Amino acid sequence: MNFILKIWRQKDRNSKGKFEEYKAIDISPDMSFLEMLDAINRDLAKQDAEVIAFDHDCREGICGSCGLFINGRAHGPQHGVTTCELRMRHFKDGGTIVVEPWRAKAFPVIKDLVVDRRAFERIIQAGGYISVDTGAAPEASSIPISKANAEEAMDAAACIGCGACVAVCKNSSAMLFMSAKISQLALLPQGHPERKIRVHRMVEQMDKDGFGHCSNTYACEMDCPKKISVTHIARMNREFIRAKIF
Amino acid sequence: MVLNSKIPEGPIQQKWDNHRFNMKLVNAANKRKYTIIVVGTGLAGASAAASLAELGYNVISLCYHESPRRAHSIAAQGGINAPKNYKNDGDSIWRLFYDTVKGGDYRAREANVYRLAQVSGNIIDQCVAQGVPFGREYGGLLDNRSFGGAQVSRTFYARGQTGQQLLLGAYSALSRQINTGRVTFYGRREMLDLIVIDGQARGIIARNLETGTLEPYVADAVILATGGYGNVFYLATLAKYSNGTAIWKAHKKGAFFGNPCFTQIHPTCIPLSSDYQSKLTLMSESLRNDGRIWVPKKAGDKRNPKDIPENERDYYLERLYPSFGNLVPRDVASRRAKEMCDKGFGVGTTGLAVYLDFADTIKRNGKAWVEEKYGNLFDMYHEITDENAYETPMRIYPAVHYTMGGLWVDYNLMTTIPGLYVIGEANFSDHGANRLGASALMQGLADGYFIIPYTIGDYLASSKFPLIKTDNPAFIESEKNSQDTFKQLLAIKGKQTVDEIHKRLGKIMYDYCGMARNEAGLKKALQHIPQIREEFYKDVIVPGTADNFNPELEKAYRFVDYVEIAELMVTDALHREESCGGHLREEYQTEDGEAKRDDEKFSYAAAWEYKGNGQKWEMHKEQLTFEYVKPSTRSYK
């Protein structure tokens, strides 16, 4: 397969970026999107040209490092996969593919397709945990949890923190990311002692970092590689109201 | 130098308790006066950094990702072992200890393994309290699954994402400590050198991967939790950036390297399809619980698997190992798969694959049951291969996955450099010559949560720390060395990319130092590796500069270390004239193809000392004694 790629190039945080055109020739349909970029980068390197920088690491859809905005979709056209899992067989032979970094005020571009997602760190640091010191835990089986709640908590906990939800949201909201953590901990009895202060602090931090709010377009769920449901946002809103009123 | 493993006195059940009592403590109010660097934020690094900060130490945590949560522990799928005996099937600390020593083919230190088994239950308690959503039964209690190398059900899991959930637990504890200010976290930093001053590990040099700046960090002790070096093989299940640079630089500063040739080749990976492939993808060993492994009885049988009738299939693991069946340990399952393919029974277009078939389980329990347990793995398989494993059997083949070898550490997890500790996969301890499934997560978290917080205190309380600043000549010189290396690499301007050369190194390692090894092959590898190194320094091309984000330069300086690690791995494999665990020397096997150990000659851990550029390594032996689990032929029949 052959493709024309329009890829965002930007030298560093302070430089202005622009799209550059590249040709991807002789691409196997079984190649992953990142392997296709590897092939372009190999040719660039051989010409002593700077390669296209993109974040990646595990290449099996779990570390959350990779994240490209491909033809207007976070992680490309397939539902429920990350960029590194996406295969070229899903693209039209001979077609043009536009590749951009995540674009959000809270995620400044570092270089080319690499963005700074540390705002997510600050949200978690504000309260995305249960305060239990090492050694202080009770025997594991002393806390029974219904299978249904454990499963739903796991659904939420599957978030990989890639930022696709922010990238695809017209408000650049971090609600899906944040609600996944809040929802996971609200569903488990261990999370209850801190549930009020947690939601309060995390929401405050999200506002501080310049993320927008949710206006229920559900685009985040559509492009979430882990299919995290917007019902977690609803649970987070309930947690927030509960923390404010009761 | 004589190796001192510092194993405490007393019966094995009491060693750790005695030791904890005998170790010196740092007064609570004094802990904040000590600074500890923790490199890496996987299970071991994140849990250590968080636990040390909780105790009151001043912690500096670094990793090459922007976020601690992206460490490759996140990719572990199957589970974590603990002998809680919730299944009432006869499990105990003793049994986990026994299984692990036996699984490691009697090449691990008994005292360490016993301690690991002892603290493993606490890990589950800690993780549950953090909100890790382990799989549960309908009654609300924790569920367990079986794993290779054990006949009891002791593996706790969170769907096929156990590593992710445990890491997010440790990450949340770490995030909490970053918020308190007791941990200072530096992301996108890669350790390039260890700083040793007056015989003590006193800091590191790290590169800021975004700006290219070299940064000095001073501390009273340094902990490396930087994972394994399996990417020497290029194609492995490791993350692309996982590398051996931190431990290798520490090795060159005086830390001995333990059992470098002990590599785990994992049996259930998605087979290689062509040479553009950038990595191999693992599928959890838990699949072997319910999937049956087979090849056609007729070599070269290219029929659709569905058209091959039952009596023309060879379920070779069930045939060869009736009592463990498909759940034999990883080394055995991998070696047998390779053997079947070498004999021409392999399936798929390349012939380098065997079937893992769920048809019987789907018939017995229904598709929904399989989907609930393994849905994410089936989805992943589908995306990569475009095949639906609910309808046609998966194809699997072994791939490099884990390195049991690593820096040599004593019982306190300290290396031969005072003040340098190594935890998790980066050290050599606990797994011997073969690691059992669901034991890596256990070891990483045991080291980080429950061992290093005690043992490091003993060192801090009993050592003196002269004031050191970053203008110390040791820092200046190290920075200059790194800059010189970058200059050299950027100036070569040859014709081949780092990846192209690395792939060739990987192929040599797979061919001669992989699942089966022999003297002639290893000697051949020892000729090829220096040639590849020479070629690299003559013909590599690294574009860009050293003063900004440059992924090609990162690859290049990591490769400089890989090629040296490769040489030591082969040297170690050549010297060990026996077969044990994942190290199968073809000259030393039984008639039916099982590994043949030589306990008389090789019941030791090999600890290699670096003697300088171009010099031969010197090997030191840590003799292993087995007082409690008497070495026997490992049988899973």
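**Figure 1. The two domains of chain A sit with their centres 29 Å apart, going by C-alpha atoms.** Like every view here, this one shows a predicted model. Chain A splits into domain 1, covering residues 3–111, and domain 2, covering 118–245. Despite having separate centres, the two do touch: 18 residues of domain 1 of chain A are in contact with 16 residues of domain 2 of chain A. What sort of residues does domain 1 of chain A bring to the side that touches domain 2 of chain A? Sorted by class, there are nine nonpolar, six polar and three charged ones.

**Figure 2. Helices H6 and H8 of chain A cross each other.** Here we zoom in on H6(A), residues 195–208, and H8(A), residues 231–245. When two helices pack, people describe the pair by the angle between their axes and the distance between those axes. For this pair, the axes come within 9 Å and cross at roughly 110 degrees. Angles of 65 to 115 degrees count as roughly perpendicular, so H6(A) is roughly perpendicular to H8(A). Which residues make the contact? From H6(A), look for A:Arg195, A:Lys196, A:Val199, A:His200 and A:Val203. Across from them, H8(A) offers A:Met236, A:Glu239, A:Phe240 and A:Ala243. Tally up the residues of this contact and you get five nonpolar, one polar and three charged.

**Figure 3. Chain B meets chain A.** This contact draws 65 residues from chain B and 67 from chain A. On the chain B side, these helices each chip in at least two residues: H2 (43–55), H4 (110–130), H5 (162–180), H11 (367–385), H12 (440–461) and H16 (551–575). Which helix gives the largest share of the side of chain B that touches chain A? That would be H5(B), with nine residues. As for the mix, the side of chain B that touches chain A has 24 nonpolar, 23 polar and 18 charged residues.

**Figure 4. Domains 2 and 3 of chain B make contact.** Chain B is divided into domain 1 (12–262 + 404–461), domain 2 (266–400) and domain 3 (473–598). Notice that domain 1 of chain B is listed as two stretches of the chain. The centres of domain 2 and domain 3 of chain B are 30 Å apart, taken over C-alpha atoms. Six residues of domain 2 of chain B are in contact with six residues of domain 3 of chain B. On the domain 2 side, the largest share, five residues, comes from helix H9 of chain B, residues 330–342. That side of domain 2 of chain B breaks down into one nonpolar, one polar and four charged residues.

Notes:
Residues numbered from 1 in each chain as written. Chains lettered and ligands numbered in written order. Predicted model: local features only at pLDDT ≥ 70, side-chain atom pairs only at ≥ 80, totals over all residues. Axes fitted to C-alpha atoms, helices over the stretch in contact; angles between N-to-C directions. Helix = DSSP H or I, 4+ residues; strand = E, 2+ residues; numbered from the N terminus. Parallel < 35°, antiparallel > 145°, perpendicular 65-115°, else oblique. Contact = placed C-beta atoms within 7 Å. Nonpolar A, V, L, I, M, F, W, Y, C, P; charged D, E, K, R; others polar. Domains from an automatic or database assignment.
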